[in-house]
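Please walk me through this model in the viewer, one selection at a time. Tell me what to pick next and what is to be found there.

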Amino acid sequence: MRVDAVFVGRAYLGGRFEEVAVAVEGDTIAAVTKPALAPRGEETVVLSPKQLLLPGMVDLHVHMREPGLEHKEDWRSGSMSAAKGGVTCVFDMPNNVPPANTCDRLREKVAKALSKSIVDFGLYAGCSDEPETLKPCADLFFGFKLYPEDLYSPRAQPTFKLAAELGKPVFVHAEDPSLFRDSPLHSEARPPEAEASAVELALELARSTGAWLHLTHVSTKPALEKILASKALGKVTFDVTPHHMLLSDSLYRSPLAKIAKVNPPLRSEEHRAAVYAAARSGAADALVTDHAPHALAEKLSENPPPGFPGLELALHLLLKEVLEGRLPPSAIDLYSSKPARLAGLRKGVIAPGFDADLVIVELAEWSVKGSELVSKAKYTPFEGWTMRTKTVATYVRGRCVYRDGEFGEGGARA
């Protein structure tokens with residue numbers, strides 16, 4: 001047997017690391033064997049003792065900003081950021097300008113992404129007054145996205161009904177705007193009870209329509225408790241972010257207050273610990289970044305927009321927690337096999353028949369500097385953190401899209 005490429009070294013296989021050979025033929029993993037039994041490859045990549053082979057990460061919640069907001073990010077810069085972070089597939093949110101909530105806009109978005117992205121991608125459809133008009137292009141989007149203003153509008157129930165009919169998830173940003181307050185501290189302006197209230201409404205809409213509800217970037221203990229109690233009653237899934245796991249609202253009293261502004265906000269230590277525990281126990285269905293880039297000048301303005309970039313750091317933040325013993329190795333599944341399974345993809349696993357999405361990381365310490373990010377957004381609330389790993393190379397379906405600071409060309413798949 002002769003294959004296109006063979007990777008030899010320590011690889012992550014379902015919760016553990018093993019010395020293996022991974023054979024790649026075309027865009028697919030052909031075999032995983034002991035090194036001595038590896039087939040011959042046209043190319044052989046032998047990892048050093050300090051390197052690890054991982055499946056490509058899958059991020060279910062990003063904002064690539066194109067079309068309409070290219071000064072913040074575009075499909076080229078955003079996908080480069082993903083590749084450097086070991087992410088081989090992203091799912092992009094619909095809050096473009098104008099919103100991606102019609103078939104024509106979704107087709108335009110797919111065309112732009114195919115022409116620029118170096119990683120694979122999926123899209124969400126935005127909420128509209130006429131959700132039924134999206135039926136003819138249902139193959140263009142993975143699911144629907146509802147923001148707080150959508151959830152508390154007449155558009156919500158028809159969208160849930162259509163999602164149930166199409167078998168697609170409804171991703172909900174759960175916050176109740178009626179409970180927002182006037183406060184200079186962002187975490188008090190959008191209090192925890194706003195999330196808990198919105199989760200209750202979303203769960204009721206899911207129960208009444210039979211739709212698959214996915215609650216994204218869950219940030220509070222009461223919301224987590226409500227979600228976990230409801231999982232047995234229907235198709236309910238949820239994700240958490242690295243920033244809600246690792247950062248608290250103490251940053252809102254620091255020089256990074258504007259940079260760290262995000263919705264839902266960073267929370268108190270009690271809520272941060274609960275989100276971390278949901279990831280550590282495996283209760284969470286996925287880890288997402290909510291990669292939300294803005295221009296640095298916008299973030300430093302008097303009223304900074306919420307969000308910050310995350311694609312380049314998420315995997316390395318996760319590996320830092322694993323290597324330092326706070327998370328089990330299986331936590332890697334939160335950003336690989338678990339989101340891939342939710343999306344129905346043959347990705348996120350190093351096994352025969354899966355896409356040859358592979359990432360080589362190296363054990364090496366480095367300090368995070370926002371100014372050095374590939375993203376157009378040159379800032380991060382993780383400024384100064386010491387990482388324990390760096391990305392050496394990223395392969396999407398067998399094609400090298402990143403190696404040692406250099407990026408490949410397009411060729412993404414929707």
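Contact here means heavy atoms within 4.5 Å. With that in mind, note that the model is a predicted one, and begin with a helix.

**Stop 1: helix α6**

Select residues 192–209, which form α6. At 1.5 Å a residue, its 18 residues should span 26 Å, and the end C-alpha atoms are indeed 26 Å apart, so the two values agree. Now colour the buried positions of α6: Ala194, Glu195, Ala196, Ala198, Val199, Ala202, Leu203, Leu205, Ala206 and Thr209. What covers these buried residues? The cover includes α3 (148–151), α4 (156–166), β10 (169–172), β11 (212–215), α7 and β12. Just past the end of α6, click on Gly210, which has a positive phi of about 80°.

**Stop 2: α6 against α7**

Keep α6 and add α7, residues 221–230. The two helices pack at an angle of about 20°, and their axes are 8 Å apart. Angles under 35 degrees count as roughly parallel, and α6 and α7 are therefore roughly parallel to each other. Their crossing is right-handed. To see the contact, show side chains for Glu195, Ala196, Val199, Glu200, Leu203 and Arg207 of α6, and for Pro222, Ala223, Lys226, Ile227 and Ser230 of α7. By class, the residues of this contact are 6 nonpolar, 1 polar and 4 charged.

**Stop 3: α4 against α6**

Hide α7 and show α4 (156–166). At what angle do α4 and α6 pack? The angle is about 50°, with the axes 9 Å apart. The pair is therefore oblique. As in any stop of this kind, check the handedness: α4 passes α6 in a right-handed crossing. On the α4 side, select Ala156, Gln157, Phe160, Lys161 and Ala164; they meet Ala202, Leu205, Ala206, Ser208 and Thr209 of α6. This contact of α4 with α6 holds 6 nonpolar, 3 polar and 1 charged residues. Among the α6 residues just selected, Ala202, Leu205, Ala206 and Thr209 are buried.

**Stop 4: the loops on either side of α7**

Go to His217, in the loop between β11 and α7. Its phi is positive, about 35°, although His217 is not a glycine. Is His217 buried or exposed? With 2% relative accessibility, His217 counts as buried.

Next, select Leu233, in the loop between α7 and β12. Leu233 counts as exposed because its relative accessibility is 61%. Draw a distance from its C-alpha to that of Ala206: the two residues are 27 apart in sequence and 10.0 Å apart in space.

**Stop 5: helix α9 and the loop before it**

Select Pro264, in the loop between α8 and α9. The peptide bond from Asn263 to Pro264 is cis, with omega near -10°.

Then select α9 itself, residues 269–281. Its 13 residues should span 18 Å at 1.5 Å a residue, and the end C-alpha atoms are 18 Å apart, which agrees. In α9, the buried residues are His271, Arg272, Ala274, Val275, Tyr276, Ala278 and Ala279. Elements covering them include α6, α7, β12 (236–240), α8 (242–246) and α11 (314–323). Both helices of Stop 2 are thus among the cover of α9. Following α9 is Gly282, with a positive phi near 85°.

**Stop 6: Pro98 and Leu140**

Move to Pro98, in the loop between β7 (87–92) and α2 (103–116). The peptide bond from Val97 to Pro98 is cis, with omega near 0°.

From there, find Leu140 in the loop between β8 (120–126) and β9 (143–146). Leu140 counts as partly exposed because its relative accessibility is 22%. Leaving out residues up to four places away in sequence, Leu140 touches Cys103, Leu106, Arg107, Val110 and Leu123. The C-alpha atom of Leu140 is 9.8 Å from that of Lys109, a residue 31 places away along the chain.

**Stop 7: Arg397**

Last, select Arg397, in the loop between β15 (386–396) and β16 (399–403). Arg397 is not a glycine, yet its phi is positive, about 50°. With a relative accessible area of 14%, Arg397 is buried.

Methods: Residues are numbered from 1 along each chain as its sequence is written. This is a predicted model: local features need pLDDT of at least 70, side-chain atom pairs count only at pLDDT 80 or more; totals for chains, interfaces and linings use all residues. Side-chain values use heavy atoms; hydrogens and water are left out. Axes are lines fitted to C-alpha atoms, for helices over the stretch in contact, and angles run from 0 to 180 degrees between N-to-C directions. Helices (H or I, at least four residues) and strands (E, at least two) are DSSP runs, numbered from the N terminus. Angles under 35 degrees count as roughly parallel, over 145 as roughly antiparallel, 65 to 115 as roughly perpendicular and the rest as oblique. A crossing is left-handed if the near helix is turned anticlockwise from the far one by less than a right angle, and right-handed if clockwise. Ala, Val, Leu, Ile, Met, Phe, Trp, Tyr, Cys and Pro count as nonpolar, Asp, Glu, Lys and Arg as charged, and the others, Gly among them, as polar. The expected span of a helix is 1.5 Å times one less than its number of residues. Buried means under 20% relative accessible area, exposed over 50%, partly exposed in between (1.4 Å probe, protein chains only).
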